Structure formats: structure tokens, C-alpha cells
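Hi,

Here's the structure I said I'd pass along. Have a look at it first, and then my notes are underneath.

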Amino acid sequence: MKVNLLYGGAPLSGYLNVNHLGASEGCHHGNMTDLTEFIDDAEASEILALDVINFFCKNEVLGIIDHWVSKLRHGGKIIIGAADSHSICKSFYEHDISIADINSMLYGEEEPFIRKNAITVISLAHYLESTHGLKIIKKQTLEHKLLVEAQRP
């Protein structure tokens, strides 16, 4: 089973689409912190969570990631995308972006799209590897967005 976790956004064909904000055509409404209603432990071949993790409180993030990883089967992949705080702050320091830009990139524009935590590509990859023993397949930052792809052995 391939799962696409959404905080708003559009569903993907061929995935079980779970939207934290509510049901829509092609999407189920679901709580990202507990996917048990949709996925058994070790069932998912892929979990895609692009632009989702920043919207949860900083004290919840690691537990949410732990829960997602528990849903991966052996050989399954998790792909997490988010705003990369290091990249954003570096661009601000180098005067490439304004204070308005940094606020928009780090915190979002308006409710319910208020980001509540900061994360970097390095810290996310390290956590997945050191805590869960996942193999990092890809880690990159592009235009202030991070992407980490990891596989459960």
C-alpha cells in the first residue's frame, strides 16, 4: 500500500490519500498522528509526506515520525518534505531574502497553514538513520525545501 499524507493539497493517483484538514474527492479525512484506522503496522510500501511535518507542534514531531515509520513494511520507503530552516536562515543571513520572506517560508501565510516547528535536512536524515536504522536513499535541499527519502531494511 502506498500512502500520501496531506495537509491540504491534491490527492495522488495510486495512493491512499489521507488529508489532515478534511475529506475531499479522492481523499480520506484522517489524523496524521494516528494512522491506525487506515494502515496496519508494517503494511505500507511507501509513505509520502510532503509539506506536512512543519504543521505539527515541535514536541509532537518525533512521535509522529516514529508512528509513520512503524507503518512501513521491510523494504518500504518514507519520503518526507518540509521547509528547510537552515537553508532559509542562510539565505536571510546572506541578504538573499527579506524578513517578510523568511516569515512566510518558516511560518506560512494564514490559518490553518501556520508552521509550528523548524527542521533541517541534516537533523531529519540523522533522526531516521540513528533512531530507526533506516537507510538514507536521498537527502537534498532545493529552493528552501528539504527532501529525505529513507528505506526500512
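**The sheet and what packs on it**

E6 and E7 pair antiparallel, with seven bridges between them. The two strands make a hairpin with two residues in between, and Glu143 in that turn has a positive phi of about 50°. If you want a spot to start from, Leu142 sits opposite Lys145 in E7. Keep in mind that this is a predicted model.

Zooming out, the hairpin strands belong to an open sheet of seven strands with mixed pairing, ordered E3-E2-E1-E4-E5-E7-E6. The edges are strand E3 (28-29) and strand E6 (135-142); each has a single partner strand, so one side of each has no neighbour in the sheet. Elsewhere in the sheet, strand E1 (residues 2-6) and strand E4 (residues 44-50) run parallel and are joined by three bridges. One pairing to look up there is Val3, whose bridge partner in E4 is Ile47.

Two helices pack on this sheet. Helix H1 (residues 61-70) touches E1, E4 and strand E5 (72-83), and its direction makes about 145° with that of E5. Helix H4 (residues 121-132) touches E5, E6 and strand E7 (145-151), with its direction at about 15° to that of E7.

**The H2/H3 pair**

Helix H2 (residues 85-93) and helix H3 (residues 99-107) pack with their axes 10 Å apart, at an angle of about 175°. The cut-off for roughly antiparallel is over 145 degrees, and H2 and H3 therefore count as roughly antiparallel to each other. On the H2 side the contact is made by Ser85, Ile88, Cys89 and Phe92, and on the H3 side by Ile99, Ile102, Met105 and Leu106. By class, that contact has seven nonpolar residues, one polar and no charged ones.

Both ends of H3 have a detail to check. At its start, a side-chain oxygen of Ser98 comes to within 3.3 Å of the backbone nitrogen of Ala100. Just after H3, Gly108 has a positive phi of about 90°.

**Aromatic rings**

How many aromatic pairs are there? The count comes to two. One of them is Tyr7 with Phe55: the ring centres are 4.4 Å apart and the planes are at 0°, so this pair is stacked. Tyr7 is in the loop between E1 and strand E2 (16-19), while Phe55 is in the loop between E4 and H1, so the pair ties together parts that are 48 residues apart in sequence.

Cheers

Terms used:
Residues numbered from 1 in each chain as written. Predicted model: local features only at pLDDT ≥ 70, side-chain atom pairs only at ≥ 80, totals over all residues. Heavy atoms only, no water. Pairing = 2+ DSSP bridges. Helix = DSSP H or I, 4+ residues; strand = E, 2+ residues; numbered from the N terminus. Contact = heavy atoms within 4.5 Å. Axes fitted to C-alpha atoms, helices over the stretch in contact; angles between N-to-C directions. Parallel < 35°, antiparallel > 145°, perpendicular 65-115°, else oblique. Nonpolar A, V, L, I, M, F, W, Y, C, P; charged D, E, K, R; others polar. Polar contact = N/O pair within 3.5 Å; in protein donor to acceptor, adjacent residues only side chain to side chain. Phe/Tyr/Trp six-rings, centres within 6.5 Å; stacked < 30°, edge-to-face > 60°.
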